[in-house]
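Open your viewer, switch to a cartoon view and show the cysteine side chains as sticks. We will walk through the disulfides together.

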Amino acid sequence: MMRALLVMASITVFATVPAAAQRFDGNDPVCLQIWEWGGSSTISCQYRSWEACRAAAAGFPATCLTNPYVLRPSEPGRRPPRR
């Protein structure tokens, strides 16, 4: 009985904790990370330039960072390694 009560209490606590939205995509090279009250943060990768990201970050506890998942064009003349 006590174990069932503990399981139900754990489910209730974890179900009410909001998940932080993390959005990485390969379209835009700059991401904006904004810190929120309580220590969580959100990341939005929708900026095509550092200047646009800095303008959006102005006045917020935020920083701009490079999108680690951006699709970069391959260098011309460079071939993949042979297998």
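Start by selecting C31 and C45: the torsion about their S-S bond is about 95 degrees, so this disulfide is right-handed. Keep in mind as you look around that this is a predicted model.

Now color the elements on either side of this bond. C31 belongs to strand β2 (residues 30-35) and C45 to strand β3 (residues 41-47), so the disulfide links distant parts of the chain, 14 residues apart. If you pick the two sulfur atoms and ask for the distance, the model gives 1.9 Å.

Turn on a surface next. Are these two cysteines buried or exposed? C31 has a relative accessible area of 0% and is buried. C45 is buried too, with a relative accessible area of 0%.

Move on to C53 and C64. A disulfide joins this pair, with an S to S distance of 2.1 Å. Which hand does it have? The torsion about the S-S bond of C53 and C64 is about -105 degrees, so this disulfide is left-handed. Select helix α2 (residues 50-57) to find C53, then strand β4 (residues 62-66) to find C64; the two cysteines are 11 residues apart, and their bond links distant parts of the chain. With the surface still on, check both partners: C53 and C64 are each buried.

Finally, select the bonded cysteines together. There are 2 disulfides in the count. Numbered in sequence order, the bonded cysteines of the protein pair as 1-2, 3-4.

Notes. Residues are numbered from 1 along each chain as its sequence is written. This is a predicted model: local features need pLDDT of at least 70, side-chain atom pairs count only at pLDDT 80 or more; totals for chains, interfaces and linings use all residues. Side-chain values use heavy atoms; hydrogens and water are left out. A disulfide is a pair of cysteine sulfur atoms within 2.5 Å. Helices (H or I, at least four residues) and strands (E, at least two) are DSSP runs, numbered from the N terminus. Buried means under 20% relative accessible area, exposed over 50%, partly exposed in between (1.4 Å probe, protein chains only).
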